[in-house]
Amino acid sequence: MTHPLRIALAGLGTVGAGVIRLLDANGGLIAARAGRAIEVVAVSARSRGKDRGIDLSAYAWEDDMTALAKRPDVDVVVELVGGSDGPALTLARQALGGGKALVTANKAMIAHHGMELAALAEQHGLALKFEAAVAGGIPVIKGLGEGAAANRIERLYGILNGTCNYILTQMESTGADFGGVLKAAQDLGYAEADPTFDVEGVDAAHKLAILAALAFGTAVDFGAVDISGISRIRAADIAQADALGHVIRLVGQAEMQTVKGEHRLFQRVQPVLVAKDHPLAAVDGPTNAVVAEGNFVGRLLFQGRGAGDGPTASAVVADLIDIARGNAVPAFSLPVAMLEEAPAADPGNRLGRHYMRFTVADRPGVLAEITAAMRDAGVSIESMIQHGHPLDGLDPVLVAIVSHEGPESAVAAAMRLLEGSPSLAEPPLVMPLLG
Ligand SMILES: NC(=O)c1ccc[n+]([C@@H]2O[C@H](COP(=O)([O-])OP(=O)(O)OC[C@H]3O[C@@H](n4cnc5c(N)ncnc54)[C@H](O)[C@@H]3O)[C@@H](O)[C@H]2O)c1
Ligand SMILES: N[C@@H](CCO)C(=O)O
Ligand code: NA
């Protein structure tokens, strides 16, 4: 066997400790498959003395994690700290600039700086790999970048945040409201350091921007993702979706459109009503799923655990095995100079049915005002639910309307007509229907 692949680990939290446990448990198998051993040489984290339930005595310790990038006995730096900028980015730049391959689980950093880091890796002939960053343990980066590399991908969508999916499915099964369930997801190690990144859709948007670049051959454009999260979803919305034969999921969607011969990229993360017979409706707990449609392969569905120590460590070590084998694939499956800068698509002409939830005062004329706005904007109503008594202990009542299929611009116009109306206790919540 050739010499071992020597790695340095920055970050020993949920994922970092998971990587050490995985390498300990499956080291022999991994060495056989990789053609050489994968050996941890040095580690760094915030606190050296903390009990993580793993034995660190065989590894060198660096207080300053950027020192890992300068060690002559290291081939690959594994960044498992997090944060789009700050020390993680400094470490990544120093590693790639200093001749070391980089493996990271950090989608925030890749969504913001992926182009710069991919260019740096390319310039130095080094690997930059981030399978763990998107949909945790699911080999979706490898699946799209290698398995489906012969295809033109036209559309992709999926459930990309384990925390939100856990929260939504817990709300579904227990009838609980949002707050208490978030705490449980944090305790299980699924949530980001800043949990608003999870619940407001930012984490899913980081992942979507990375997947879109890989699938469509475009430069990562996180700033163009239209993002809304799940914090406004009430138990009552879940009950109403259920009555309509749907469940609610946070879904990221990306599509390449061609308008007058020019490419336009649609990227959005938002809560969606998913028909109960759609494959995404069965995705529960911290599970993620990605659907990609290729022009020769057809529809692919990737599904599995998107968060947690084991699945995420599995993806990190898969990247290390690739590097040990010498599998040289460009970070985004194409040389950086070939990644296209596609302008953002106008979503207005997208067709669909929409769920619109209004929190209204229970008095005469309110419904007439809402339906007049629908009429004036050209939105056709398919069904409506109004509960005759306050829901969620709220004094105002909830009215849910589902539209017939129509352009998104009409729904947006109806919402503008209702903006600031004294009949509404809060802005309406709009979610498209899928399936
Ligand atoms: N937890 C998951 O399920 C999961 C899944 C996929 C990707 N990720 C990503 O993996 C990365 C790590 O996530 P985690 O859940 O393991 O986080 P964590 O908070 O459990 O661990 C972070 C580690 O980084 C260390 N650290 C933080 N700042 C440091 C600094 N300045 N210097 C040295 N060490 C520092 C901490 O001491 C800790 O050991 C993040 O980018 C996250 O987005 C996490
Ligand atoms: N916070 C992320 C971790 C996995 O990327 C999630 O909940 O999906
Ligand atoms: Na993955």
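This is a short tour of a predicted model with a protein chain and two ligands.

Local features need pLDDT of at least 70 and side-chain atom pairs count only at pLDDT 80 or more, while totals for chains, interfaces and linings use all residues. Residues are numbered from 1 along each chain as its sequence is written, and chains are lettered from A and ligands numbered from 1 in the order in which they are written.

**Whole chain.** Select the protein chain. The C-alpha trace spans about 80 × 50 × 35 Å along its principal axes. Color by secondary structure to see 12 helices and 18 strands; these are DSSP runs, H or I of at least four residues for helices and E of at least two for strands, numbered from the N terminus. Of the 435 residues, 46% are buried (20 or more other C-beta atoms within 10 Å of their own, C-beta atoms being placed from the backbone).

**Ligand 1.** Next, select ligand 1. Around it sit 27 residues (near means a C-beta atom, placed from the backbone, within 6 Å). The closest are Gly 11, Gly 13, Arg 46, Gly 82 and Ala 105. Now select helix 1, residues 14–34: it gives the largest share of this shell, 3 residues. Then color domain 1 (5–133) and domain 2 (140–306 + 337–347); each supplies at least three residues to the shell around ligand 1. The domain bounds come from an automatic or database domain assignment.

**Ligand 2.** Finally, select ligand 2. Residues around it include Gly 136, Asn 161, Thr 163 and Tyr 190. Add Glu 192, Asp 198 and Asp 203, also among the residues around ligand 2. End at Gly 306 and Ala 307, which belong to the surroundings of ligand 2 too.

Key. A residue is buried if 20 or more other C-beta atoms lie within 10 Å of its own, exposed if 12 or fewer, and partly exposed in between; C-beta atoms are placed from the backbone.
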